[in-house]
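Here is a short tour for anyone who likes to look at a binding site with the model open beside the text. Please load the structure and follow along.

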Amino acid sequence: MKFPRRAIFFGRFQPFHKGHLYVAENILKEYEEIVFLVGMSTESHTERNPFTAGERIEMIRLAMKEAGFDLSRVITSALPTLEIHIASAHHAIYASPHSEAIFIGNPIVSQILREAGFNVIVPKPYKREIYNGTLIRRYMAEQNDKWRELVPKSVAEFLDSIKATERLKNITSPSERHILGEENSLD
Ligand SMILES: Nc1ncnc2c1ncn2[C@@H]1O[C@H](COP(=O)(O)OP(=O)(O)OP(=O)(O)O)[C@@H](O)[C@H]1O
Ligand SMILES: NC(=O)c1ccc[n+]([C@@H]2O[C@H](COP(=O)(O)O)[C@@H](O)[C@H]2O)c1
């Protein structure tokens, strides 16, 4: 059987932002279909992984639709939080439809996948200093509206609908908020 030409984009998507969209657009210039593999999907409501797997899948689909892609080219799959181990690489295979390449920037995970025989491609950085999940989560936790410009409009609307900034504020530790210069707002 001839499979459609596919590539996996492996990430946590916490939340889905414009850097992810840039990578996905480039993947779809070269491949017929994209598989968004949502990592650490069994973790939510933590500072690093505040959103559930379902919420992340929802953001991916909204953003890809907003960007004008036919969603029949967009596949989503999820992996539980795994030990960082060579054997874990094979979980990516069972969770994904047949694919020719896997796009991932995390150096440890990409090394493990490479050693397990995957065709690993590190995405070209696109304004990484602003388009990164860590910064966006910090802005959200400090109720700083700057996060809105860093995600697609439909994602911002979705995040508002689930009161995401309130969640981020409540789950972000005081020490983190101190780093953000928010100490005066704590009672
Ligand atoms: N601005 C960007 N330009 C290019 N690639 C990006 C960008 N942001 C993320 N990526 C790629 O997407 C992959 C998955 O991203 P991930 O979901 O971990 O988001 P992140 O922005 O790196 O989040 P965090 O800051 O929470 O680690 C990364 O390993 C990286 O290769
Ligand atoms: N314990 C884990 O399951 C674990 C830890 C770090 C990275 N990863 C995976 O690697 C991918 C990329 O990692 P980062 O999002 O940290 O760059 C993610 O999708 C994530 O799921 C998994």
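Which residue offers a polar backbone atom that lies 2.5 Å from a nitrogen atom of ligand 2? The residue is Leu82, and the atom belongs to its backbone rather than its side chain. Please keep in mind as you read that this is a predicted model.

## Ligand 2 and its surroundings

Leu82 is one of several residues with a polar contact to ligand 2. Met40 also uses its backbone: one of its N or O atoms there lies 3.2 Å from an oxygen atom of the ligand. Arg48 works through its side chain instead, with an N or O atom 2.8 Å from an oxygen atom of ligand 2. On its own, ligand 2 would expose 460 Å², and the protein buries 82% of that area.

If you would like to pick out the surroundings on screen, select Phe10, Gly11, Arg12, Gly39, Met40 and Arg48, and then Thr81, Leu82, Ile84, Ile104, Asn106 and Val109; these residues surround ligand 2. Sorted by class, this shell holds six nonpolar, four polar and two charged residues. Ligand 2 sits in the largest pocket.

## Ligand 1 and its surroundings

Now turn to ligand 1, whose space is the largest pocket. Around this ligand there are 21 residues, and those that come nearest are His17, Tyr126, Arg128, Thr134 and Arg137. The shell is made up of eight nonpolar, nine polar and four charged residues. Which elements each supply at least two residues of this shell? They are strand S1 (6-11), helix H1 (18-30) and helix H5 (133-141).

The polar contacts of ligand 1 include both side chains and backbone. The side chain of Arg12 places an N or O atom 2.8 Å from an oxygen atom of ligand 1, and Arg12 is also among the residues around ligand 2. His20 has a polar side-chain atom 3.0 Å from an oxygen atom of ligand 1. Tyr131 takes part through its backbone, where a polar atom lies 3.0 Å from a nitrogen atom of the ligand. Ligand 1 taken alone exposes 600 Å², of which the protein buries 90%.

## The sheet

How are the strands ordered in the sheet? The order is S3-S2-S1-S4-S5, an open sheet of five strands with parallel pairing. At the edges are strand S3 (74-78) and strand S5 (120-121), each of which pairs on one side only.

For a look at one pairing, find strand S4 (residues 101-103), which runs parallel to S5 and is joined to it by two bridges. Ile102 has Val120 in S5 as its bridge partner.

## Two loops worth a look

The loop between S1 and H1 contains Pro15. The peptide bond joining Gln14 and Pro15 is cis, with omega about -5°. The elements on either side of this loop, S1 and H1, both supply residues to the shell around ligand 1.

Another loop runs between strand S2 (33-38) and helix H2 (53-66), and His45 has its place there. What stands out in the backbone of His45? Its phi is positive, about 60°, although this residue is not a glycine.

Conventions: Residues numbered from 1 in each chain as written. Chains lettered and ligands numbered in written order. Predicted model: local features only at pLDDT ≥ 70, side-chain atom pairs only at ≥ 80, totals over all residues. Heavy atoms only, no water. Near = heavy atom within 4 Å. Polar contact = N/O pair within 3.5 Å; in protein donor to acceptor, adjacent residues only side chain to side chain. Areas by Shrake-Rupley, 256 points an atom, 1.4 Å probe, with all protein chains shown as cover. 1 Å grid on protein atoms, 1.4 Å probe; cavity = no way out; pocket = protein on both sides within 12 Å on 5 of 7 lines; lining within 4 Å. Sits in = over half its atoms within 2 Å of the grid points. Nonpolar A, V, L, I, M, F, W, Y, C, P; charged D, E, K, R; others polar. Pairing = 2+ DSSP bridges. Helix = DSSP H or I, 4+ residues; strand = E, 2+ residues; numbered from the N terminus.
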